[in-house]
Amino acid sequence: MTRERRPTPGAGPARVAWPAGTGQVERGERLLRQTGRLVVLGPWGAGRTTLLSALAARQRAEGRADHVLRLAPRPRDRALPYGAVAALFAQLPGRGALEGGQLAAVEGVLGEGSPGKRATGEAPPPDPLALRLALGTLLARLPGHVLLTVDDTQWLDEDSADVLGHVVRALAPDRLAVVCAERAARRADVARGLCGDHAPRLCLGPVSAEEVADLLVCHGVPGRHAARVHRYGGGHPLLVQALAEAMSGTSGAAVRSAHVPVPGDHVRELAELWLGTVSDEVRHTLLMLGLSAGAVSPALLRRAGRADADAHLAAADQAGIVRTGADPHRDAVTFTADALRDAAARTGGRPQRVAAHQALATATEDPLHATRHRLLALERPDGRLARQGQEAARWARDCGERALAAELLLLAAEHTPVRQRAERIGRLVEAARDAAAAGRCLLALRAADALAAARAGARDQVAALLAVVDTGGQAMDELEDVLARALDLARPHPALLAAVELRVALRHNISGRPFQARHAAERAVRTAESAHDPTVRTLALTMRARMERITGDPGAAHTLARALEAGTPVGAIGIRNSPQYLAVRHAVFDDRLAAARDRLMELLPVAERTGDAEDLQEVLRSLAEVDARLGAPGRALEWSERATVVCAAAGLSPGPSWYTAALAETAGGSFARAAERARLGAQSSREDHDLLFTSRNLLALGSVQLATGEVAAAVATLREVAELEGHQRVDDPTMLRWQPELAEALAAHGGPDEGRLLVDRLRATAGDRVLATGIGPALDRAEAACLARLGAEPRATDLLRRAAARFHRIGLPLEEARTHLALGRLERTRRRHAAARTAWRAALVQYQQSGAHPWTALTQDLLHRLDATATRADTPHQLTEAERKVAALVATGMTNQEAADQLYLSVKTVEATLSRVYRKLGIRSRAQLPRARGMSSGERAPRA
């Protein structure tokens, strides 16, 4: 569908294309068919007008509306009595057939009465009852079906609303269908009055992040920005569209360097137009809300001098500008879009904003936010308040609010007197580090630019530049210029150089160059040792151990042990780059999942306390992966959702979080959602030049395709994974287990020999440590799939039973259940229905106990189809007597001619009878008859 955009008040709507799939028109049609009445509501610019037009066109094209009448009142029409009714009468034919008071009433509202009386103002007011009767009469006389659409019902005058409401209630829905649209986010009071309390409602809410990603790609903007664009625009169609256009018209370097949406003048104009739908008093209250950084309650606004805050916020909530909690008097209030927050904060001039900050500083009970407001209200440097800002920032850091800490430090640096240069530089360096921890690239860039302008020393500038690099997430290739600048400044200083080499190693790792990453990590170890920097040495050893594991170097465990021996606390170096966290990941690779989960639960509160967004996302993602594999997909979905929220809030690269979401959805959510998340993750990771998570997302996608029977697509996707892993020269198969998946897909797609060769090759190169993990039974299951296709069913059955037992011992219940699924399929092809049913029921029990909903549905469907087939095959009474005789003779090996001679029938009759038998038994050839009827080929035929 298309969505409405109004660049300026009163201008006609400009149509903008929106990605297909919203389904709002189809949903509106379904709801309208239920009662013949429909209320459409949505905030300013949500697309109500476009939806009404599309609905009307669809109804007329499909023959459900012979006449379409439209009303679209404007703001000034509210003061015009019977204005909307007059507009409706002007569209209706046959007014001349009205008589007496009805005709006079219609002429009165249309201005067609006595010219003399109109000129002197002596014309009587219209009779409401006569207008109701006249309107009802004219509508009833229209042949066929009538559709009435009323847009912007909030501008209807009261008299027209009264007349229309009575007429709509009087006419049957099969004669008059009515669709009313109202600009409102919560309640459509006028539209509900017209259509009735029980009319279905269609709420036009925000579009999804997935739709935003599609839109960005259409505009040539990397889809990985979708989460940030969605948050900044609140998913509002006009704002998101404008953001996409602004970003597509901006140089790639500008978009990449900021890692934030580029608002543009049009985005700001649209946000201000939306704010313009509420009164000046409401906007003044929204100014205070926009200037506040934390959660704001109505009570705070009242203390700040906004006595009518509750009413103002209710009006803004109805306009879709803010979102209130369950208790509108106490709960925190937030803007529905960051663009609206920014627009609200720009309301008025500098004096008005200063006064608002001063009022908020006095009203807030939070000392950190009070300090922030005092700093923002300052007009000149103030050393004392700058020190307070620095102290408040350290307090915020201790509370895990790293973004607030960074902002406080930047404000403190800005208001530090010029003579206190050392203090200012120190605050800027701290600000950059806190911004990096919070994932706020723009804040880190502000600090780095300020340090460069102040001609700070190399140590301070490098620290800020590395903070900027650290906010890049997976998109480190796009910060190559920042990394090069840091490397140039660090060369004369070994300690700084070691820290830069670490980031070089990380960049190589993300880009799929593990050997280059390993060499950079080794250089960092040597440089850190020469500089006597134990912290960087620990980090460098950890990176080296990670690369050794990827490249299959047996020394990885020893290197990791050296890093752990240093005893560097996790809090001092961050979780994701620590040897403690790498040890957890190795436990995950080795399927020591219970131990890994215990350690992750110890790290989780540390990540929450420090406020490092990327650390927190890493821990949450690992918990989701572990719980999914342990057979707790419900918990996995919860962890994954939290990780996605953290990713979006901090503006991190979404590829990793979408990969985790795909895993969790595959285990316990929906195969369709899993495939969508994996596709988005692969696309985002490609845009980031992140081969690691491109491979992972493609593996997740290929696994879903294999599970849902899309074997050709699965083979193509998994071959791409194999190519990427070969390009990266990853030699540890436990890290990304694509080989068994590809072998199974190849077997299902008619390539069992190639699949078995892949299994044999991996078994030959993998050591005992690898085969003792879930890779071992996964290879057994894959080989069984290949053997079954090659006709070695008994050997395949033995392998599947062995694989299920091994998965059970390792503690991978969903893999065990999946193996039972494979065993059931094999038994079904052997026409051993009882054995297939037993295997599938075992899988079903495990899936149901785990809450693995997509797999439960898949297994139930297999059992249902098996029962239906078995019923046809195992109930010979479904065959007629003649059919049973023919089937029995042919099953003994007789030809059609011999059976015809035995039964004194023609050959054509036997052939026709056999066709019916095949159809009823669900078979295709005479060779299947003995097994289908439970007979042996040597059984004696019944007598004719």
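**Exercise 1. Find what covers the buried residues of helix 19.**

Step 1. Fix the element: helix 19 spans residues 367–377. Helices are DSSP runs of H or I, at least four residues, numbered from the N terminus.

Step 2. List the cover. It includes helix 14 (280–291), helix 18 (350–363), helix 20 (383–398) and helix 21 (402–414).

Step 3. Identify the buried residues (buried: under 20% relative accessible area, 1.4 Å probe, protein chains only). They are L368, H369, A370, T371, R372, H373, L375 and A377. That is eight of eleven, so the helix is mostly covered.

Step 4. Check the start of the helix. A side-chain oxygen of D366 comes within 2.8 Å of the backbone nitrogen of L368.

The model is predicted: local features need pLDDT of at least 70, side-chain atom pairs count only at pLDDT 80 or more, and totals for chains, interfaces and linings use all residues. Residues are numbered from 1 along each chain as its sequence is written, and side-chain values use heavy atoms, without hydrogens and water.

**Exercise 2. Describe the surroundings of T471.**

Step 1. Place T471: the loop between helix 24 (458–470) and helix 25 (480–490).

Step 2. Classify it. T471 counts as buried because its relative accessibility is 2%.

Step 3. Collect contacts (heavy atoms within 4.5 Å). Not counting residues up to four places away in sequence, T471 touches A435, A436, G439, R440, C441 and A444.

Step 4. Inspect the side chain. One of its polar atoms lies 2.6 Å from the backbone oxygen of V468.

**Exercise 3. Decide whether R585 is buried or exposed.**

Step 1. Locate R585 in helix 31 (residues 579–589).

Step 2. Read the relative accessible area: 15%, so R585 is buried.

Step 3. Add its partners. Beyond neighbours within four places in sequence, R585 contacts S622 and E625.

Methods. Helix = DSSP H or I, 4+ residues; strand = E, 2+ residues; numbered from the N terminus. Buried < 20%, exposed > 50% of the residue type's maximum accessible area, 1.4 Å probe, protein only. Polar contact = N/O pair within 3.5 Å; in protein donor to acceptor, adjacent residues only side chain to side chain.
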